[in-house]
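Biologist: Could you take a close look at a single part of this model and follow what surrounds it?

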Amino acid sequence: MTTIETTATTTAITVVLPEAFDERWSRLPGIQVEGRRITIDPAEYFFRFESNTWLVADWQLVKSQLLNVDETTQSAVEQLALDFVKANAGPTSDAAQVLATAYEVYAYLFRDEHLAGLGMPQITTEHLRMLREAATLMALNKVELDGHISNVGPCWFFPAATSVVFDLDDETGGMLDEVYHGGWFNEHRRIESIKAHAALGGRLVHGCQSVPDQSGGVVAPYGASMANFREDLAQFKAGWMEQVYAHRVTGPAA
């Protein structure tokens, strides 16, 4: 039985995205996928749902005013992103807006043109689609400035969730997790990631250091306490990750 810590509103979340998602996301509790339409019941979907506000910026503004700006000796890329967030991001209680923004962010970060230079021939366009879908849903997770993790859904545990939805073995799920968290192992793409995540009000951080740990991650606001974040994560990750893995299909794939 899932243990849910819920203090935020539990109104259903519905969004229609440009790309149809894999209907196997419906294997996880509280989420239904019908083509491009995704419906989430917060009371069923989240392990912890204490906040129904998120910080977002307009993706078109990020594209026009940030993505092509280069860092200098006076202003590192992190400072550029922080300044942009301060000037242009604002709170929203519309979870559909968060998901729509996240879709644009990850459609940009996980685009096919990067495959040729990745140096990992085992990563395919289909894997990029998996990354886009899972990362979009992860955007509803949330960390507060004091480091407290206020929202936790199944996609916090990236390898676990993708193994359930896409029938991935542990090796493939871990490989995707490395690509997601590692910024594609490339400084240029890390810089892309920092800029793009300004649309979601912060930067991508993760609680793991490599595949064996698999603690997942979240877009955290600049200035969030990473010490408190790590301590909070340690309290819940094992039990909740196990509950995600429990939804794996063990017989013929559904």
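**One helix and its surroundings**

Modeller: Asn 186 caps the N-terminal end of helix 9, with a side-chain oxygen 2.8 Å from the backbone nitrogen of His 188. This is a predicted model, in which local features need pLDDT of at least 70 and side-chain atom pairs count only at pLDDT 80 or more, while totals for chains, interfaces and linings use all residues. Residues are numbered from 1 along each chain as its sequence is written, and side-chain values use heavy atoms, leaving out hydrogens and water.

Helix 9 spans residues 187-196, helices being DSSP runs of H or I with at least four residues, numbered from the N terminus. Within helix 9, the buried residues are Arg 189 and then Glu 192, Ser 193, Ile 194, Lys 195 and Ala 196, where buried means under 20% relative accessible area with a 1.4 Å probe and protein chains only. The cover over these buried residues includes helix 2 (59-65) and helix 3 (77-88), together with helix 4 (95-109) and helix 5 (115-118).

Helix 4 leads on to the largest nonpolar core, to which helix 4 gives the largest share, 10 residues. That core has 81 residues; such a core is a set of buried Ala, Val, Leu, Ile, Met, Phe, Trp, Tyr and Cys residues joined through side-chain atoms within 4.5 Å. Trp 25, Tyr 106 and Phe 157 have the most contacts inside this core. Leaving aside residues up to four places away in sequence, Phe 157 touches Phe 47, Val 152 and Phe 236 as well as Lys 237, Trp 240, Met 241 and Val 244, a contact being heavy atoms within 4.5 Å.

Key
Buried means under 20% relative accessible area, exposed over 50%, partly exposed in between (1.4 Å probe, protein chains only). Helices (H or I, at least four residues) and strands (E, at least two) are DSSP runs, numbered from the N terminus. A polar contact is a pair of N or O atoms within 3.5 Å; within protein, one must be able to donate a hydrogen and the other to accept it, and residues adjacent in sequence count only if both atoms are side-chain atoms.
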